[in-house]
Amino acid sequence: VISSLIGLLLPAGAVWLWLLAIGLRAPQHSRALTAAVALCGGLGLSSLVTFWWLVAGGAIGPLFVAVDALSWTIVAAFAWRRRSSASRLTSDVPVREPRTPGHWLVCAAFAGLAAIAAAVAVMEHVRSPHGQPDATLIWNLKARFMIRGGGDWTAFVRVPWSNPSHPLLVSASVARLWAYAGAELPTVPLILGAATGIAVVAAVVGVLDPRRTRAWIAASVVVAPLGFSQSIAAQTADLPMALYLLVTIILIASAGAPSAPARWGGSAGAPSAPARWGGSAGAMTAERAAIATGIVSGLAAWVKNEGLVVFIIAFGIVAWRATRTRRPRALAGFAAAAAPALVTIAWLKLVMAPVAPEYFGGSPGLSAQVTAVDAALVGTLAGRYWMNWGTGMMPAITLAAAMVAATRDGRFARQSLAVLGVVFAAYCTVWWLTPLDTAWLMSTTADRLLLQLWPALVVAAFSARLPRLPASGNLMR
Amino acid sequence: MLDFLSRAAVALLLIWCAATAFSALATTFSRDSKEETRLEQEFASLAADLPPRGPVGYLDPGEPRPGPELRALHIAQYALVPRLVSVGSGPDFLVVARVPDVRDLDDRMSGYEPAGPGSAAYRVYRRR
């Protein structure tokens, strides 16, 4: 287990150091957000390396672990050297704000709720060590083929229920961590789920500023429902999808400073000066912001097919901003950063497993049909929406997010709801077009898809009075 | 007044969260299902009687339908990776549910013989 933890933290740490080295980071008080972004990058990039190692004919065994660990250590060492010189240029001054008893009370409430969520996850794991059905049908099944299959690891393509063309971030990560652990421990996917859940909370708290009470209220709301705590032990890709969606939205929002886009990068942002996501001294260059968005949104598409929608939205926003501000380098940086994940997805879907997803009939091409939308279907969705996230909690949070979006300073909420609205519309389109029994598909997927939206929705609801982003990208206050 | 209202709203929200979290805890506590773990271990124990890779047939008294029977097929595939498990006979090796009437009534098993002692509910057969 310790070895798998090392395997998990090594690439995340290396990416963190690189973020610091190139100046892409949150201010000091929002290290939690930097950690969440680093986990996204580390998890995703290490899974890409694992996939291409397999494609190149390598086995996932001790040699792989040695090469992988050495590579990430070297990457971290280079980043550390760059960071050492870059850190001298920063001027983050820790801000000490008085904490009221109420603040500590809310923090204690969060700690209690997080403990309950952890207890639920552990109980779930004890009850179902191999996770929810999709884990053994799809995600861990592929991880086992990667570990056990040797040169024939792609045989999972011939398992019809494995959804062969589904992206492989989770499967490759589980296989990689199993290799680090030296055994197929069921606790390894649980550790991955726990790390993802912690990263979600870190992103929520980090973006809302951990010094502020509302950040901890929002975190309490995120972890309370059964759907969230269960997902930690589910060993599926939905919680990672929620993380990548949330972080993509944060990056899109932090990169969007329409008030003074010209001051980003270029002549105003000296290349040697570390840019920041927040704080008052640094200016995050448009190119660097676009690179971060490209990496995370590209990796979102490597988590699940839904992530492709997230990537397309991110691409559209970055392209629009690049055109508006006449900064084509930002778009080029975004595309270059997303390219590794996109090339991998293309290889998987076009070369390795050219099979349409199950919900489009599992055959090449879009063999879809339109399903009549009736009251029963709407009722099914409404029931899930109302009941399964703590009675009425999701509608209440949606309403709060909409109210915040309607305010003058609700820019973050407006952007979040716009992105989440498009993603939700994509889910509905699949339900509408699938040749499968729509009621069945909806009943088996709605909870998991709502989970993907949940953390970002909560952040939107608590983002009231986040000031407009100035040129320095001061998102986190 | 506004301060009091906002504090009250926060308190209500946290109570709501606590109720939701305790409900989640109670729901999880009331569940008791280790069936899949047992099945996975049972199928894994059959691996010794099977070749290390290749196709494996899977026979159940009936056609696997959504429910426990189909789930057992999925668990069999999960346990026996990298072998490829598919419904029906044909491959040199079969995993057969140990139901008394399957061997006698199902002509799909003609030409096969037991390959090992098997588990409580399943047994491996190989082509003669």
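Me: What makes the side chains of Arg127(A) and Glu124(A) a salt bridge?

Reply: Start with the rule: a salt bridge is a side-chain nitrogen of Lys or Arg within 4 Å of a carboxyl oxygen of Asp or Glu. Here Arg127(A) and Glu124(A) meet at 3.2 Å, N to O. An Arg and a Glu at 3.2 Å fit that rule, so the name applies.

One bit of background: this is a predicted model, where local features need pLDDT of at least 70, side-chain atom pairs count only at pLDDT 80 or more, and totals for chains, interfaces and linings use all residues. Residues are numbered from 1 along each chain as its sequence is written, chains are lettered from A and ligands numbered from 1 in the order written, and side-chain values use heavy atoms, leaving out hydrogens and water.

Me: Where do Arg127(A) and Glu124(A) lie?

Reply: Both lie in helix 4 of chain A, three residues apart, which is about one turn of the helix. Helices (H or I, at least four residues) and strands (E, at least two) are DSSP runs, numbered from the N terminus. Both residues are buried, too.

Me: Why does Arg176(A) count as buried?

Reply: Buried means under 20% relative accessible area, exposed means over 50%, and partly exposed is in between (1.4 Å probe, protein chains only). Arg176(A) comes in at 2%, so it is buried. Its salt-bridge partner is Asp68(A), with the closest N and O atoms 2.9 Å apart. That pair links distant parts of the chain, helix 6 (residues 169-181) and helix 3 (residues 62-87) of chain A, with the two positions 108 residues apart. Asp68(A) has a relative accessible area of 4%, so Asp68(A) is buried as well.

Me: And what is Ala18(B) called, with a relative accessible area of 24%?

Reply: Partly exposed, because 24% falls in the in-between range. Ala18(B) sits in helix 1 (residues 2-30) of chain B.

Me: Why can the pair Asp238(A) and Arg448(A) be said to tie together parts of chain A?

Reply: Asp238(A) lies in helix 10 (residues 238-255) and Arg448(A) in helix 17 (residues 438-461), so their link spans parts that are 210 residues apart in sequence. The link is a salt bridge at 3.3 Å, N to O. Both residues are buried. They also belong to a network, in which salt bridges that share partners join Asp134(A), Asp238(A), Lys304(A), Glu306(A) and Arg448(A).

Me: How many helices and strands does chain A have?

Reply: Chain A has 17 helices and zero strands. Buried residues make up 58% of its 477 residues.

Me: What about the helices and strands of chain B?

Reply: Chain B has four helices and five strands. From the N terminus on, they run α-α-β-α-β-β-α-β-β. Of its 128 residues, 41% count as buried.

Me: What is the mean pLDDT of chain B?

Reply: The mean is 83, and 88% of the residues reach 70 or more. pLDDT is the predictor's confidence in each residue, from 0 to 100.

Me: How do you know how many residues of chain A are in contact with chain B?

Reply: Contact means heavy atoms within 4.5 Å. By that test, 43 residues of chain A are in contact with 34 residues of chain B.

Me: What area is buried between chain A and chain B?

Reply: It's about 3300 Å², of which carbon and sulfur atoms give 70%. Buried area is the accessible area (1.4 Å probe) that two parts lose on being put together, summed over both.

Me: Which residue forms a salt bridge with Glu40(B)?

Reply: Arg144(A) does, with its closest N and O atoms 2.8 Å apart. The 2.8 Å value is within the 4 Å limit, so this pair passes. The count between chain A and chain B is one salt bridge.

Me: Which helix of chain A gives the most to the side that touches chain B?

Reply: Helix 4 does, with ten residues. That side of chain A divides into 25 nonpolar, twelve polar and six charged residues. Ala, Val, Leu, Ile, Met, Phe, Trp, Tyr, Cys and Pro count as nonpolar, Asp, Glu, Lys and Arg as charged, and the others, Gly among them, as polar.
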